[in-house]
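Here is a friendly walk through one protein chain, from its interior to a few unusual spots in its backbone. Have a look at the structure first, then read on.

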Amino acid sequence: MTTTTTNVPVTGAVGTSYTRVEGRDKVTGAARYAGDVPFAELAHGWLVLSTIARGRVLSVESDTVRAMPGVLTVLHHGNAPRVDGDYMGMLGRPDPIVEVFQHDHVPFVGWPVALVVAETSEQAREAAEALVVHYEEEPHDVEFSSAHPGIYTPDGSLVEKGDLAAGLAASAHLVDEEYTTPEEHHSSMEPHAAMARWDNGRLEVVDSNQGSTWVAQELAKLFSLDPDSVRVRSEHVGGAFGSKGVRVTQILAVMAATALDRPVRVVMTRRQMFSLVGYRSPTAQRVRLGADADGRLRALDHQAHSLTSTVHEFVEGSAGFARPMYASDAHRSVNRVVRLDVPTPTFMRAPGEAPGSFAMESALDELAERCGLDPIALRARNEPDVGPVSGLPFGSRNLLACFEEGARRFGWADRDPRPGLRRDGRWLLGTGVAAATFPVIVMPSTAAVTAEADGTFTVRITASDVGTGARTALTLLAAETLDVPGERVHVRIGDSDFGPAAISGGSMGTRSWGWAVTAAARDLREQLALGGDIPPQGITVRSDTSAAVGTLAERERHSYGAQFAEVAVDITSGEVRVRRMLGIFAAGRIVNPLTARSQLVGGMTWGLSMALHEEAIRDRATGGHVGADLAGYHFAANADVPLIEADWVDDPDADDPVGIKGIGEIGIVGAAAAVANAVWHATGARHRHLPIRPDRVL
Ligand code: MOS
């Protein structure tokens, strides 16, 4: 696959490498983020968070700080505007944190207890740091373990097929191990920020989010407003990874703007993000695999445990990973959870699949060792004809094609399977492999495409480009459908006034929006083919994909991939260095190879980071984090990231008008297991607990 990086006029634009249409604006600072957009009379809110892990607020001593320079107001549970969080949102009942400042209860360290609003953000910060809050403290419990007495099985989280006990009993080879992953955080480069103001009876919010109609609709419900009277804009987003839905930034900006009747912006600090924007729960996962002498699975059991808060149930669905993956006579997968005095976790890149693949793909490597089989051969032996649990036909399944292409390019065929044999000075060397998968989802969307009188085209859709290159992909899709060069297409996104559209989440963005954009562009092209002049206001055609996506055939619809890693382990320090990674994916038709590769390499880098570095430590005494910042939370830096290559095999989705599946999250899936399996191959020691820190290696 070759890539070019100049934006030459092209027809058949899809599949052409195209630099980001807003790239220049981003690197020159012309692109304004939610925290940057100037507004007249803008006031600034600074959050004050609880210092106790459980209890209630007795008093907020706001009188003294009200007298400080520039301070306009102090909002807290005693005086904040009332909201109604008893509604059904896009993802069901909202996290009760939306009812911020509605009561005195404190359910975790870092719960918002006040917002200080001042003329400048420096004044707001100074006053916020001086604000005294008195609490009544209660005992708290933040200690996660799979043996916690509070563990329960939420409705719908158990899937069973066949006789597990019989399958295990009849197996020639068994694996029965526990794997753990720590609490992990998606601390996007751009912290959460929102500005709210009232403008002629309309509420306007300038935000950083993964879906502006989503946020607008929920704010309307929360504040009991007519949905048409709420407009949310979010043009540029500096990363999100699952964390940028409805957060206290938007809600508190609206409350303060309402209370003061002037524009107010609330920006989170890096530290505040650690308790306010969700994170990935720690997991403890027991995997039991039973296989025949030749490696055919008779029993597959995945019991995953994670935590949630006392106020809201979020389940990290790690055990779902194997459901579309491997044929087995008997299958059980279950996600269990425990409620602790911690913030509510949330979606974080490849929720479920990221930690689930670490456990399952590590266990398969252990099974391959026990069966005396090559790990790729073991997976091939358990390749299903239909969805192993669902029984549904696959949309397309090219997992083995990914392994074949990856093995060829990585040089897998020459590998000696025995561990601990390769040495390069003080380094032990090893290679590992793992599989990846992620669901293929589509959500109804609306779009409008306008043929302008000057010969250009304007696309309007409430898409969110969280850094993925979604706007550029939509430019290519519109250009191809209209059969014009990409330069003549202008895509406008991130404005709820453009109408409902899918969120940037679940890897569904480009597929969902692309469907709507190509539908409108196709109809427009047909209309233009009839001839006639374009009036000054242009000709606009709209699309709504609700009916089309609602009638899709039921299939086991997933993307797949194969991850390869080579590591070097320093026998004197225990340090693991990744030397190279290769990921080959079957993830639908690739719209823009340039940004697609970045997206996949980004995910793989995160997998490396997950394998070796990331770990948020919670202090049982205070209930809060130790080192809640990017110094204390260690993650891979450039020097840790070697040659990482991502590529793909041909895998168009037959049910999508363009063939798209989605590539947002699959890059991280399996990557940590490939690294861990390589560490075993290097050293002969299995690492079932992430991260693989030097002290665990020695
Ligand atoms: Mo993604 S974790 O669904 O934003």
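Start with Leu 474 in this predicted model. Which residues is Leu 474 in contact with, leaving aside its neighbours within four places in sequence? They are Val 459, Ile 461, Ala 463, Val 491, Trp 513, Gly 514 and Val 517.

Leu 474 also belongs to the largest nonpolar core, which has 199 residues. It is one of the members that touch the most other members, a group that also includes Val 116, Ala 253 and Val 675. Helix H15, residues 671–683, gives the most to this core, with 10 residues. Apart from it lies another core of nine residues, including Phe 241, Tyr 279, Met 348 and Ala 616. In soluble globular proteins, nonpolar side chains tend to be buried together.

Now for the backbone. Two residues have a positive phi although neither is a glycine. Here they are side by side:

| Residue | Phi | Loop between | C-beta neighbours inside 10 Å |
|---|---|---|---|
| Asp 261 | about 55° | helix H6 (248–260) and strand S12 (264–267) | 10 |
| Ala 350 | about 55° | strand S15 (330–340) and helix H8 (353–371) | 31 |

Buried or exposed: how does Asp 261 count? Asp 261 has 10 such neighbours, so it counts as exposed. Ala 350 counts as buried because it has 31.

Another backbone feature is the cis peptide bond from Leu 690 to Pro 691, with omega near -5°. Pro 691 sits in the loop between H15 and helix H16 (694–697).

Finally, an unreviewed UniProt entry lists residues 28–139 as "domain: Aldehyde oxidase/xanthine dehydrogenase a/b hammerhead". Over residues 28–139 the chain is 14% helix and 31% strand, and the end C-alpha atoms are 51 Å apart.

Technical notes. Residues are numbered from 1 along each chain as its sequence is written. This is a predicted model: local features need pLDDT of at least 70, side-chain atom pairs count only at pLDDT 80 or more; totals for chains, interfaces and linings use all residues. UniProt positions are given in the numbering used here, feature names are shortened, and annotations may be inferred rather than shown by experiment. Helices (H or I, at least four residues) and strands (E, at least two) are DSSP runs, numbered from the N terminus. A nonpolar core is a set of buried Ala, Val, Leu, Ile, Met, Phe, Trp, Tyr and Cys residues joined through C-beta atoms within 7 Å. A residue is buried if 20 or more other C-beta atoms lie within 10 Å of its own, exposed if 12 or fewer, and partly exposed in between; C-beta atoms are placed from the backbone. Two residues are in contact if their C-beta atoms, placed from the backbone, lie within 7 Å.
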